[in-house]
Amino acid sequence: SLARFRAFVQTEGTATAVWNTFWVAAVVTSITVPLAFCYAYAIQRACLPLKGLWRLLGLAPLLGPSLVGAIAFIQWFGTQGVLKSWLGETSVYGPLGIVMATVFAAFPHALMILLVALATSDARLYEAADALRATRWRKFTTVTLPTAKYGLISAAMVVFAYSVSEFGIPKVIGGNFPVLAVEIYIQTVGLQNFGRGAV
């Protein structure tokens, strides 16, 4: 029945967890996708030395679970962190830490999509643009971006979904900042309320 859904909506703090989850995912997406696009563009189109090494560095966060990145940010920016002064009075525990660690964890997923999107664009369009003496900026806006459009959309959807479903990072570095993934864990594992967790 819909009774569980009504109870879920009426539960105190639910709206906060939903709102927090979606605004954090939107911020992570708006940071990660442009960063990954610039990185992928540099690897695919720039005269960058050691491209294989840069590609490997960009994909390196895939080698460990997201918890490792969250723990690393705690080591660097936590209460005893070496770079704690960089954050001023702001604590890494909470939304800032979640955003930083999730951007780090989601970056390689967006990068893989955008590397393929930029690698598979039609070279004939660039030849035509060169023949028409288009400027670099014009080629970028009329050829590169339109051909990478679906890659950008796919990367944004993957990063947003990754951020919404991420559990480890908010659990480790989130402090008392409520998000849906942690609330589901609390309901199912902590309170043994599998119906509420399923909702």
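Where in the chain is the place of glycine 81? I took this as the opening entry for the predicted model.

**Entry 1. Glycine 81**

I looked up glycine 81 and found its place in the loop between helix 4 (66-77) and helix 5 (95-119). I then asked whether glycine 81 is buried or exposed. Its relative accessible area is 14%, and buried means under 20%, so I recorded glycine 81 as buried. Leaving aside neighbours within four places in sequence, I noted that glycine 81 is in contact with Gln75 and Trp76. I also looked up a distance to valine 92, which is 11 residues from glycine 81 along the chain. The C-alpha atoms of these two residues are separated by 9.9 Å.

**Entry 2. Alanine 198**

I turned to a second distance that involves valine 92. Alanine 198 and valine 92 are 106 residues apart along the chain, and I recorded 30 Å between their C-alpha atoms. Alanine 198 lies in helix 11 (residues 194-198). With a relative accessibility of 68%, alanine 198 counts as exposed.

**Entry 3. Leucine 50**

I looked up the backbone of leucine 50 and found phi near 55 degrees. I marked this entry because the value is positive and the residue is other than glycine. Leucine 50 has its place in the loop between helix 2 and helix 3 (51-59). Its relative accessible area is 61%, so I recorded leucine 50 as exposed.

**Entry 4. Helix 2 against helix 7**

At what angle do helix 2 and helix 7 pack? I first noted how such a case is set out: two packed helices are described by the angle between their axes and the distance between the axes. For helix 2 (residues 14-45) and helix 7 (residues 136-147), I recorded an angle of about 100 degrees and axes 14 Å apart. That makes helix 2 roughly perpendicular to helix 7, since angles of 65 to 115 degrees count as such.

Which residues meet there? From helix 2 I listed Phe37, Tyr41 and Arg45, and from helix 7 Phe140, Thr144 and Leu145. I sorted the residues of this contact by kind and obtained four nonpolar, one polar and one charged.

**Entry 5. Threonine 29**

I stayed with helix 2, where threonine 29 has its place. Threonine 29 has a relative accessible area of 12% and is therefore buried. What does its side chain reach? I found the side chain of threonine 29 at 3.5 Å from the backbone nitrogen of phenylalanine 160. I also found a polar atom of this side chain 2.7 Å from the backbone oxygen of alanine 25. Not counting residues up to four places away in sequence, threonine 29 touches Pro34, Ala156, Val159 and Phe160.

**Entry 6. Threonine 102**

I looked up another threonine, threonine 102, and found it in helix 5. Its relative accessible area is 1%, so threonine 102 is buried. With residues up to four places away in sequence not counted, threonine 102 touches Val28, Tyr162, Ser163 and Ile169.

**Entry 7. Aromatic pairs**

How many aromatic pairs does the structure hold? I recorded seven.

I looked up the pair of tryptophan 23 and phenylalanine 177. Their rings are 6.0 Å apart centre to centre, with 85 degrees between the planes, and the pair is edge-to-face. The pair links distant parts of the chain, 154 residues apart. Tryptophan 23 is in helix 2, and phenylalanine 177 is in the loop between helix 9 (168-173) and helix 10 (180-190). I then compared exposure: tryptophan 23 is partly exposed at a relative accessible area of 28%, whereas phenylalanine 177 counts as buried at 15%.

I next looked up phenylalanine 167 and tyrosine 185, which form a tilted pair. I recorded 4.8 Å centre to centre and 40 degrees between the planes. Phenylalanine 167 lies in the loop between helix 8 (149-165) and helix 9, and tyrosine 185 lies in helix 10, so the pair ties together parts 18 residues apart in sequence. Phenylalanine 167 counts as partly exposed at 29% relative accessibility, and tyrosine 185 is partly exposed at 34%.

Finally, I noted one aromatic cluster, formed by Phe73, Phe77 and Phe104.

Conventions
Residues are numbered from 1 along each chain as its sequence is written. This is a predicted model: local features need pLDDT of at least 70, side-chain atom pairs count only at pLDDT 80 or more; totals for chains, interfaces and linings use all residues. Side-chain values use heavy atoms; hydrogens and water are left out. Axes are lines fitted to C-alpha atoms, for helices over the stretch in contact, and angles run from 0 to 180 degrees between N-to-C directions. Helices (H or I, at least four residues) and strands (E, at least two) are DSSP runs, numbered from the N terminus. Angles under 35 degrees count as roughly parallel, over 145 as roughly antiparallel, 65 to 115 as roughly perpendicular and the rest as oblique. Contact means heavy atoms within 4.5 Å. Ala, Val, Leu, Ile, Met, Phe, Trp, Tyr, Cys and Pro count as nonpolar, Asp, Glu, Lys and Arg as charged, and the others, Gly among them, as polar. Rings of Phe, Tyr and Trp (its six-membered ring) pair if their centres lie within 6.5 Å; planes under 30 degrees apart count as stacked, over 60 as edge-to-face and the rest as tilted. Buried means under 20% relative accessible area, exposed over 50%, partly exposed in between (1.4 Å probe, protein chains only). A polar contact is a pair of N or O atoms within 3.5 Å; within protein, one must be able to donate a hydrogen and the other to accept it, and residues adjacent in sequence count only if both atoms are side-chain atoms.
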